[in-house]
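Colleague: Could you take me through one part of this model closely, the place where the two chains meet, and then put it in context? I'd like one connected walk-through rather than a list.

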Amino acid sequence: MTTTPSTLPDGGPRTHYLNAAYGLKSWLLTRDHKRIALLYLVSVSVFFALGGFMAVLIRMELATPEGDFFQPDIYNRLFTMHGVLMIFFFLIPGIPAVLGNFLIPLMIGAKDLAFPRINLFSWYLYSIGGALTLWALLHGGVDTGWTFYTPLSTNYVSTSVLTVGVGIFIAGFSSILTGLNFVVTIHRMRAPGMTWFRLPLFVWGHYATSIIQILGTPVVAITILLIAAERVFHVGVFDPKIGGDPVLFQHLFWFYSHPAVYIMILPAMGVISELVATFSRKPIFGYKFVAFASIGIAVLGFLVWGHHMFVAGQSIYAGVIFSVLSMLVAVPSAIKVFNWTATLYKGSISWDTPMLYALGFIGLFTIGGLTGVMLATLGIDAHVHDTYFIIAHFHYIMVGGAIMGYLGGLHYWWPKITGRMYPVFWSKLSALVVFVGFNVTFFPQFILGYLGMPRRYHSYPPEFQVLNVMSSAGATVLGLGYLMPLIYFTWSMRYGPKAPANPWGATGLEWQTTSPPPVLNFETPPVVTTAPYTYPVAANAPEVRSV
Amino acid sequence: MSVSSHVQPLKTYFGIFGALMILTALTVGAAFINLGPANNFVALAIAVLKSTLVILYFMHVKGNTKLVPVIILSGVFFLFILFLLLAADYGTRGWLGVPGR
């Protein structure tokens, strides 16, 4: 196993991207994709903490049937800001902007992304959009739900809808530019020998994600502009009184926001492919199918938005079409799950922390996906629409899927990012606590929803209390599970043992360079001669993986 | 391909600018003529022609690698999907004779 030299042969300290320059200016004006990834890591963590704090308040309120802590209008603001911060400022940028930014150039053997300045500009746009949204939060907040449905967001608005709209509009451009940067980088900057079918599946996942970011995000930006045009110039777009149609808003909103779910989950799927291969010591079963399934999900994801509108006044015939199309997305998703499972078969599986998160992902994503097929069925959706069944379903995808993938990826690449290891026991415990806490929080919500408890109310009939208390208790455990990595990752940056270049014995170019990588990623430009995930089974000795 | 290979002579850009101005005047002129249902069609046709000129010449798609038009056409394709599935809703509303369906 190669180890990371902390010093050069002449005794001087090795220069890497973290110690190449010091001071605030060196960070705020950096064009290094690795440093920008860390800027994003800090930013998205702040928004995750804020969104999580609001979730804590929501679950506190729902511990009893009565409205104990908050008036209904404050409760409306709480769940709206929870959704807005988590979706637009944590989940959508999360994996692409942090892990994708850091890893794509390393994985394809490039020195940086294609447009380093635009990369930094993206972070500033994201920060400005986020700051504007937080400002709105302190000046009245928003009470429309994160979906901003008209006429609630137009005719009856009494809160900072437009300010938040502008914040999301600006952050949306950050997302578009990041996607553009990834597409150009993957097309133009691959190392010699790095053909399309030698790309790690993480890169394929991000390529598919970038397609959605580039093609879908402008639609939500245009929708926000149309709301502004209606409010300011009284152009009839969504208001029936002046010739508009409120359902049109839902069409335009979900044309972006449903594929946005795949912006969250596709990169996580890319992470899981890496983890499953590494910790099974096997190539991914059906590599090309998994790669094309990413593209398939990205494309099919644009055809299904109407399943959010089965009971919203949409034509029943359109409902039937959207129902069938929605079920089609299950095909590429299932290909991935089956292929990961087939990869595990007869693999030499190790239970390192990233793998625990990956296995958790596969189970939770499967539950989220299968309940998605249930919701694509018109009859079932009419019954559970706007109930806690929906809440449970999309949290299984977004939290059980995307966040498990994000945390699994962070644990996997943390040694590469920081050059330090984290405590094994505590990290394994955190994976377990997150998995248990998540299920205790959200599984009862499936039952609550099926029994008829509607979402977005601060009080509920007493017969729902037992399951709600269970959910709130689970949220406490889940919160603890999220706090643990925050603590030991922070600890490890100073006190963690030094990480070797390749602590997991993994394939992939990012593991061929030192930890942390040099400023230009590789001391000598890499040349690729083999397919990805070429794990020789004979070399599967435990000591290869031990740190 | 070099960066400058798709840059056109200046007179081409002025020519395109002139064509865009003429087409704008045509749009305004067409708005004063009652063509019935064809009004929208004419206005949209002129707009498509204008945007094609802008994309080909001012955005340097003409003369660029083939990947660039592929990316642009994929955007148009997804716009087509948006309109097609919107039509699936708006075109079939009221077929059942039940309000809201």
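Modeller: Sure. Let's start where the chains meet: 16 residues of chain B are in contact with 14 residues of chain A. On the chain B side, those residues split into nine nonpolar, four polar and three charged. Keep in mind that this is a predicted model, and that totals for interfaces use all residues, whatever their pLDDT.

Staying with chain B for a moment, the domain assignment cuts it into domain 1 (1-64) and domain 2 (65-101). Where domain 1 of chain B faces domain 2 of chain B, the touching residues of domain 1 are three nonpolar, one polar and no charged. Four residues of domain 1 of chain B are in contact with four of domain 2 of chain B, and the C-alpha centres of these two domains sit 24 Å apart.

Now the partner. Chain A comes out with 15 helices and zero strands. Its C-alpha trace spans about 75 × 45 × 45 Å along the principal axes. For 547 residues, a compact globule would have a radius of gyration near 24 Å, so the 23 Å of chain A agrees with that. In chain A, 53% of the 547 residues count as buried. Take the contacts in chain A with a separation of 6 or more: 85% of them come from residues 24 or more positions apart.

How far can you lean on the coordinates? Chain A averages a pLDDT of 93, and 96% of its residues score at least 70. Among its elements, helix H13 (residues 424-451) of chain A has the highest mean pLDDT, 98, while helix H15 (residues 542-545) of chain A has the lowest, 42. Both ends deserve a second glance. Over residues 1-5 of chain A, pLDDT stays under 50, and the model has 17 contacts beyond four places in sequence for that stretch. Residues 538-547 of chain A also stay under 50, with 11 such contacts.

Moving inside, the largest nonpolar core has 155 residues, and the members touching the most others are A:Val203, A:Met264, A:Ile265, A:Ala268 and A:Ile272. Helix H3 (residues 72-108) of chain A supplies the largest share of this core, 23 residues. Zoom in on A:Val203: setting aside neighbours within four places in sequence, A:Val203 is in contact with A:Ile104, A:Met107, A:Ile108 and A:Ile186.

Two more residues are worth clicking on. A:Leu356 sits in helix H10 (residues 353-376) of chain A. A:Leu356 is buried because 24 other C-beta atoms lie within 10 Å, and the threshold for that label is 20 or more. Not counting residues up to four places away in sequence, A:Leu356 touches A:Trp351, A:Lys428 and A:Ala431. A:Leu275 is 81 residues away from A:Leu356 along the chain, yet their C-alpha atoms are separated by 9.5 Å.

A:Asn155 is the other one, in the loop between helix H4 (116-138) and helix H5 (161-188) of chain A. A:Asn155 has 13 C-beta neighbours inside 10 Å, so A:Asn155 counts as partly exposed; a residue would need 12 or fewer to be called exposed. From A:Asn155 to A:Arg231 it's 76 residues in sequence but 8.2 Å in space, C-alpha to C-alpha.

Note on methods. Residues are numbered from 1 along each chain as its sequence is written. Chains are lettered from A and ligands numbered from 1 in the order in which they are written. This is a predicted model: local features need pLDDT of at least 70, side-chain atom pairs count only at pLDDT 80 or more; totals for chains, interfaces and linings use all residues. Two residues are in contact if their C-beta atoms, placed from the backbone, lie within 7 Å. Ala, Val, Leu, Ile, Met, Phe, Trp, Tyr, Cys and Pro count as nonpolar, Asp, Glu, Lys and Arg as charged, and the others, Gly among them, as polar. Helices (H or I, at least four residues) and strands (E, at least two) are DSSP runs, numbered from the N terminus. The radius of gyration is taken over C-alpha atoms; the globule rule is 2.2 Å times the number of residues to the power 0.38. pLDDT is the predictor's confidence in each residue, from 0 to 100. A nonpolar core is a set of buried Ala, Val, Leu, Ile, Met, Phe, Trp, Tyr and Cys residues joined through C-beta atoms within 7 Å. Domain bounds come from an automatic or database domain assignment.
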